[in-house]
Amino acid sequence: MTEVERRIMAQSPKTEDSSPATALDGTALGNEAYVSAKVFDLEVRKIFRATWMLAGFAHEVPDAGDILPATIGGIPMILVRGRDGEIRAFHNVCIHRGMPLADKPCRKQAFITCPYHLWSYDLEGRVRSRPHFFGGGQHDISENGRDDVRLEAIRCDSWYDLVFVNLDGRAEPLADFLSPLADRLSHYDLNSLNWSHDVDYDIASNWKLIAENHIDALHIFGVHPALNKFADQATRPCTEAFGQLFFGCYSFSDPEEGRGLGMPHFPGLSAKASQEAPWFYLFPNVMGQIYPDQLLIIQLIPESYERTRERLQFYFVGDAAHDDAFEEGRRQAFKTFTDVLAEDIPVCEALQRGRASEGFTGGVLSPFWDKATFELAERVRERLG
Ligand code: FES
Ligand SMILES: [Fe+2]
């Protein structure tokens, strides 16, 4: 028996002085972790600000001067593509009087211009012009921008199409954060992928319930009849935890439309890997699924303790992302996955309602299937203390 299995099996009874966010050894998180604005504020400070968060996608800012507003835990920011091709992140607030700089995506801007008193900043955040700054008609213009007066930058780095930010600037290098995932996906040529399309959901659920459902490999037979037919519950492995990475991989005998049939596969994939479907969750806000012909990335945007935006991005191999010949294949892949989500979202919203019940105190877990859920609770407990 592993240490995690032992702790799950030895669940201790609830005590009065249990930490409110977290509670018990051997259980998942108690109700307060899902229904408390106070806990959510703590998560913003101690989790979202302190690690790498997926903030947006490079394809959303394809050209110099493209500006994309984004939020993480309610903190507004902008992603900006510079003339040098780099994507930078800034707090979405003007340093003059605190006006938000952009409330919708903008294309090919020469400058970032505040809508209030029209200060403008270059694409690297340096203030360039401050109209009437010294009095009527007396402008402050710096043709090359002023290094000493600039927007507040946020640490930002990219991995393929995914743009990450680290608000407190103290997380490990992005490559280190990603390496447990990148290593497990090394046989997929991610350079062969092209972005195809996206879809957004607004879900009445705490972000952790959506993540927990994604790593809950036990609910397939109860919630997803078509997926269970594709690969039966009895043949499925559980999700394993590796620090901040949660990873699992199931096998299927025959690909079907939407899952590996009719669309080009990743180049050089072995016969075995052509019948595998890894899924992953990179704590706290990146989830994903791979089939031999596609990658799905799911970005969680926690907006409050009871609301989460879920943004789903589809990527296909090579021309399949855009070629008319593959339109039906893309449609089928979209339908296949959104059908699964249509089964998952009501579950996540019901789980949120279930957290209002005093009859639940963190769960009675399966030592096989719920290890990942327990480990996710541990990641939260470690950070919130
Ligand atoms: S608040 Fe932005 S220019 Fe004044
Ligand atoms: Fe599901």
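The legends below describe close-up views of a predicted model of one protein chain.

Residues are numbered from 1 along each chain as its sequence is written, and chains are lettered from A and ligands numbered from 1 in the order in which they are written. Because the model is predicted, local features need pLDDT of at least 70 and side-chain atom pairs count only at pLDDT 80 or more, whereas totals for chains, interfaces and linings use all residues.

**View 1. The whole protein chain, with nine helices and 19 strands.** Helices (H or I, at least four residues) and strands (E, at least two) are DSSP runs, numbered from the N terminus. The C-alpha atoms fill a box of roughly 75 × 60 × 35 Å, taken along the principal axes. The radius of gyration, taken over C-alpha atoms, is compared with a globule rule of 2.2 Å times the number of residues to the power 0.38; with 385 residues a compact globule would have a value near 21 Å, and the 23 Å of the protein chain agrees with this. Of these 385 residues, 39% count as buried, where buried means that 20 or more other C-beta atoms lie within 10 Å of the residue's own, exposed that 12 or fewer do, and partly exposed anything in between, with C-beta atoms placed from the backbone. Two residues are in contact if their C-beta atoms, placed from the backbone, lie within 7 Å; among contacts in the protein chain with a separation of 6 or more, 61% are between residues 24 or more positions apart.

**View 2. Domain 1 (53-156) and domain 2 (185-356), with the place where they touch.** The domain bounds come from an automatic or database domain assignment, and the C-alpha centres of domain 1 and domain 2 lie 34 Å apart. Seven residues of domain 1 are in contact with nine residues of domain 2, and the largest share of the side of domain 1 that touches domain 2, three residues, comes from strand 1.

**View 3. The largest nonpolar core, which has 90 residues.** A nonpolar core is a set of buried Ala, Val, Leu, Ile, Met, Phe, Trp, Tyr and Cys residues joined through C-beta atoms within 7 Å. The residues with the most contacts inside this core are Ala55, Ile78, Leu79, Val165 and Phe246. Domain 1 and domain 2 both give residues to the core, so it lies between them. Leaving aside its neighbours within four places in sequence, Leu79 is in contact with Ala55, Gly56, Val61, Leu68, Ala70, Ile87, Ala89 and Val163.

**View 4. The open sheet of six strands, in the order 1-10-9-4-3-2 with antiparallel pairing.** Two strands pair if DSSP finds at least two bridges between them. Strand 1 (53-57) and strand 2 (67-72) are the edge strands, each of which pairs on one side only. Within the sheet, strand 4 (residues 87-91) is joined to strand 9 by two bridges and runs antiparallel to it, with Ala153 in strand 9 as the bridge partner of Phe90. Strand 9 (residues 153-159) and strand 10 (residues 162-166) pair in the antiparallel sense over five bridges, and Trp159 has Leu162 in strand 10 as its bridge partner. These two strands form a hairpin with two residues between them, and Tyr160 in the turn has a positive phi of about 50°.

**View 5. The open sheet of four strands, in the order 5-6-7-8 with antiparallel pairing.** The edge positions are held by strand 5 (112-113) and strand 8 (140-150), each pairing on one side only. Strand 6 (residues 120-121) and strand 7 (residues 126-130) run antiparallel and are joined by two bridges, and Ser120 stands opposite Ser129 in strand 7.

**View 6. Strand 17 (residues 286-291) and its antiparallel partners, strand 16 and strand 18.** Five of the six residues of strand 17 are buried, so this strand is largely enclosed by the rest of the structure. Four bridges join strand 17 to strand 16 (residues 276-282), where Leu282 stands opposite Val286, and a hairpin links the two through three residues. Strand 17 also pairs with strand 18 (residues 294-304) over six bridges; here Tyr291 stands opposite Gln294, and the hairpin between these strands passes through two residues.

**View 7. Helix 5 (residues 207-215) in its surroundings.** Eight of the nine residues of helix 5 are buried, so the helix is largely enclosed by the rest of the structure. The buried residues are Trp207, Lys208, Leu209, Ile210, Ala211, Glu212, His214 and Ile215.
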